[in-house]
Amino acid sequence: MPGKVKTIGDLIRGIKEKARPLRFMEVCGTHTMAIAKYGLRQLLPAEIELLSGPGCPVCVTSQSDIDLALELAGRPGVTLFTFGDMLRVPGASGSLETIRARGANVIICYSALECLQYAVNHPQEEIVFLGVGFETTAPTVAVAIEQALAHKVNNFSVLSFHKRVVPALQALVSGGNTAIDGFLLPGHVSSILGQEPYEFLAREYNKACVITGFTAEDILLGILMLLSQVENKSYRVEIQYKRGVNPEGNPQALAYLAKYFTPVETTWRGLGAIPESGLGLAEAYKDFDAFRRFSLQLGRKEIPTACSCGEILKGLKKPVECVLFAKQCTPLEPVGPCMVSSEGSCAASFYYGR
């Protein structure tokens, strides 16, 4: 039984005893990188296939959103702050790195609070934080807005491309294109959301679900727990990562999300537009909304390329099945975001899976 195993050898033997042709999707980009780094695919029986899902925030940011950020960063007087992973993600007309080389003010930061401090010190500039990430990142942005409001910082705003994981999972399982038997659910996002928001996957779609941590032992134990659910036809949401996730989530972070953000339709790379899957700023905080402050308009048509990131994020292709993989698309010269991000499935396969 999963509760009695102690070593990786025990876990592998347990998995082999229960193995059958099944496809499990890891939803978190950190899981994707850990699975590749530890060589877990090579340790698993051939019957069990691991797919990489839409859990890397950089990878799921759409081409049109990147282009919108490029347009804004190119405006006079605007300084755009971004996480480093976003710098080389390609839009239709280049990347933040290319526009910075042409003279745009694009600065790498580690938090929205760092961006806010820059705004305090440079009141003559319009400072915009590029908000990318899931429910784990958005509460920290809410704290920055709270402090900007308290200290009357009027030159700070947020271009919010934040996304919600659960509507994306709903779109995946209801779309019918991907055969998935179970999910390794994200530990970080689940530390905020808790257990309940995923219950529909088990209740309505008979999907095995386990919230897992990030060590090799965590992931293998999560797979063994998924196999036990399938074997017993007892589908539910279990928490393997109990040292990081409470069933009720993080009430304080959830309160920040509910106060400062509102669900909006947004476009995911590979998945298209999904209702209420984005986090826009709530009406009460419209003064900090870069969309309103700069009259930005979404909805540009994306230019198709040979890049397969979209199909990879839906579990329809593996990175090595993309015609560009390790040829025209490498970490040094990426074509798609899955090769750019440190949590991207293509980068993981390039460094560890070939």
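This passage describes the domains, sheets, hairpin and selected side-chain arrangements of a predicted model.

In the predicted model, the chain is divided into domain 1, which covers residues 1-304, and domain 2, which covers residues 308-353. The C-alpha centres of domain 1 and domain 2 lie 18 Å apart, and the contact between them takes 30 residues from domain 1 and 23 residues from domain 2. The size of an interface is often given as the accessible area lost when the parts come together. For domain 1 and domain 2 this buried area is about 2,100 Å², and carbon and sulfur atoms give 61% of it. Of the area that domain 1 buries against domain 2, 26% is supplied by Met 33, Cys 59 and Arg 88, which is more than any other three residues supply.

Strands of a sheet pair through backbone hydrogen bonds, either parallel or antiparallel. One open sheet in the model is built of five strands in the order S2-S1-S7-S8-S9, with parallel pairing. Strand S2 (48-52) and strand S9 (237-239) stand at the edges of this sheet and have a single partner strand each, so one side of each is left without a neighbour in the sheet. From one strand to the next, the twist averages 20°. Within the five-stranded sheet, strand S7 (residues 182-185) and strand S8 (residues 208-211) are joined in the parallel sense over four bridges, and Leu 185 stands opposite Ile 211 in S8. Helix H12, formed by residues 216-232, lies across strand S1 (22-26), S2, S7, S8 and S9, and runs at about 155° to S8.

A further open sheet has four strands in the order S4-S3-S5-S6, again with parallel pairing. Its edge strands are strand S4 (105-108) and strand S6 (156-160), each of which pairs on one side only. On average, and with direction ignored, neighbouring strands of this sheet are turned by 25° against each other. Strand S3 (residues 78-82) and strand S5 (residues 126-131) run parallel and are joined by four bridges, with Phe 81 standing opposite Phe 129 in S5. Two helices can be described in relation to these strands. Helix H7 (residues 112-121) lies across S3, S4, S5 and S6 and runs at about 175° to S5, whereas helix H8 (residues 138-150) lies across S5 and S6 and runs at about 155° to S6.

An antiparallel pairing is found between strand S10 (residues 261-268) and strand S11 (residues 272-281), which are connected over seven bridges. These two strands form a hairpin with three residues between them, and in the turn Gly 270 has a positive phi of about 90°. Along the pairing, Thr 262 has Gly 280 in S11 as its bridge partner, while Thr 267 stands opposite Ala 273 in S11.

Most residues other than glycine have a negative phi, and most peptide bonds are trans. Against this background, two residues deserve mention. Glu 276, which is found in strand S11, has a positive phi of about 55° although it is not a glycine. Ala 326, which is likewise not a glycine, has a positive phi of about 65°, and this alanine lies in the loop between helix H15 (309-313) and helix H16 (337-340).

The aromatic side chains were also examined. A pair of aromatic rings is described by the distance of the centres and the angle of the planes. A search of the whole structure finds eleven aromatic pairs, and ring pairs link Phe 325, Phe 350, Tyr 351 and Tyr 352 into a cluster. A charged side chain is also placed against an aromatic ring, in that Lys 163 lies over the face of Trp 268, at 5.9 Å from the ring centre.

Note on methods
Residues numbered from 1 in each chain as written. Predicted model: local features only at pLDDT ≥ 70, side-chain atom pairs only at ≥ 80, totals over all residues. Heavy atoms only, no water. Pairing = 2+ DSSP bridges. Axes fitted to C-alpha atoms, helices over the stretch in contact; angles between N-to-C directions. Contact = heavy atoms within 4.5 Å. Phe/Tyr/Trp six-rings, centres within 6.5 Å; stacked < 30°, edge-to-face > 60°. Lys NZ or Arg CZ within 6 Å of the ring centre and 35° of its normal. Domains from an automatic or database assignment. Buried area = accessible area lost by both parts, 1.4 Å probe.
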